[in-house]
Amino acid sequence: MSDRGGYGGRSLEPNEENLKLLSLVDIFEPLSGEEIASLSWRHLDTRLAGGEVFYTPMDLCETLFILKEGRVRIYRVSPEGRQFTVAVLPGGTVFGEMALTSQRLRGSFAEAMEPSLISTMCRADVERLVLQRPRVGLQIINLLSDRLAEYEVRMEDISLKEVPERLASLILMLIESQGIRTSEGYKIPTRYTHQHLSSMIGSNREAVTRALRQLTEAGAVEVRRRLIHARDLDGLRSFAGSPED
């Protein structure tokens with residue numbers, strides 16, 4: 001792990017702001033404010049700039065990252081140098097290289113997509129937390145199960161679908177996980193470049209540009225200020241080959 005990630009940064013004493021951020025982290029949802037305040041591990045908070053890579057395949061430590069604010073991309077690089085995005089994680093969740101939780105970052109990079117705030121827990125702290133608060137352990141199991149199911153869907157898409165179908169399926173998945181309802185449909189609040197999108201569906205930037213143009217011409221999506229707006233969910237489902245609700 002780089003010098004900034006987790007071992008640098010500043011130690012935070014329990015305070016109202018910090019407790020509020022921790023209360024928004026998915027694995028801590030079952031805990032009361034008092035229980036969160038009683039959690040005992042050394043808070044090493046690190047501010048990351050957008051585009052900053054803070055974990056690489058050279059980092060082999062068992063660490064659970066707590067993403068309090070921002071957005072992080074987990075990706076791998078092929079021998080040919082092509083990137084494949086494994087996951088894009090929003091603030092309020094956890095990830096990391098941790099055998100205890102079946103998390104695997106080995107062979108992966110972690111990059112802050114926007115200014116982000118992370119904290120870290122070592123294996124001993126995670127083990128103690130799970131033993132003291134079994135509900136947290138159940139939350140971790142549910143979280144990892146959901147991520148595995150999403151990953152399997154994406155792998156199936158890459159194997160069986162053409163680029164426009166893959167892109168439509170990805171947009172639907174992003175809407176489900178982070179979409180904001182608007183008067184015209186839904187908006188994905190994160191700015192994804194064509195390169196980001198291509199790395200998420202196992203394609204290349206040029207093919208994604210053509211596919212996005214195809215979806216736009218069909219009236220299914222619109223890109224405004226680099227944000228994707230979904231105007232026709234049924235049209236997206238048709239492109240993706242997904243059944244309608």
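## A buried strand and its partners

Let's start inside the fold: of the 7 residues in strand 5 (residues 71-77), 5 are buried, so this strand is largely enclosed by the rest of the structure. Keep in mind as you look around that this is a predicted model. Buried here means under 20% relative accessible area.

Strand 5 has a partner in strand 6 (residues 83-90), and the two run antiparallel, joined by 7 bridges. If you want one pair to locate on screen, V77 has Q83 of strand 6 as its bridge partner. The hairpin made by strand 5 and strand 6 has 5 residues between the strands, and G81 in this hairpin takes a positive phi near 95°.

Strand 5 also pairs with strand 8 (residues 109-112), again in the antiparallel sense, over 4 bridges. Here R73 is a handy marker, with E111 of strand 8 as its bridge partner. As general background, strands of a sheet pair through backbone hydrogen bonds, either parallel or antiparallel.

## An open sheet of four strands

Further along the chain, which order do the strands of the open sheet follow? The order is 10-11-13-12, with 4 strands and antiparallel pairing. Strand 10 (180-182) and strand 12 (221-224) are the edge strands, each pairing on one side only. On average, neighbouring strands of this sheet are turned by 30° against each other, with direction ignored.

Within the sheet, strand 11 (residues 185-187) and strand 13 (residues 227-230) pair in the antiparallel sense over 2 bridges. On that pairing, the bridge partner of K187 is H229 in strand 13.

## Two unusual backbone angles

Most residues other than glycine have a negative phi. With that in mind, the loop between strand 12 and strand 13 deserves a look, since R225 lies there and R226 has its place there too. R225 is not a glycine, yet it has a positive phi of about 50°. For R226, phi is near 65°, also a positive value in a residue other than glycine.

Are these arginines buried or exposed? R225 is exposed, with a relative accessible area of 74%. R226 is exposed as well, at a relative accessible area of 61%.

## Where two helices cross

Now for a helix pair: the axes of helix 5 (residues 163-178) and helix 6 (residues 194-201) come within 10 Å and cross at roughly 100°. That crossing angle makes helix 5 roughly perpendicular to helix 6.

Which residues make the contact? Helix 5 contributes V163, R166, L167, L170 and L174, while helix 6 contributes L197, M200 and I201. By class, this contact has 7 nonpolar, no polar and 1 charged residues.

## The whole protein

Stepping back, the protein has 8 helices and 13 strands. Of its 245 residues, 46% are buried. Its accessible surface comes to about 12,700 Å², and 50% of that belongs to carbon and sulfur atoms.

The contacts can also be viewed by sequence separation. Counting the contacts with a separation of 6 or more, residues 24 or more positions apart account for 70%.

How values were computed
Residues numbered from 1 in each chain as written. Predicted model: local features only at pLDDT ≥ 70, side-chain atom pairs only at ≥ 80, totals over all residues. Heavy atoms only, no water. Buried < 20%, exposed > 50% of the residue type's maximum accessible area, 1.4 Å probe, protein only. Pairing = 2+ DSSP bridges. Axes fitted to C-alpha atoms, helices over the stretch in contact; angles between N-to-C directions. Contact = heavy atoms within 4.5 Å. Areas by Shrake-Rupley, 256 points an atom, 1.4 Å probe, with all protein chains shown as cover. Parallel < 35°, antiparallel > 145°, perpendicular 65-115°, else oblique. Nonpolar A, V, L, I, M, F, W, Y, C, P; charged D, E, K, R; others polar.
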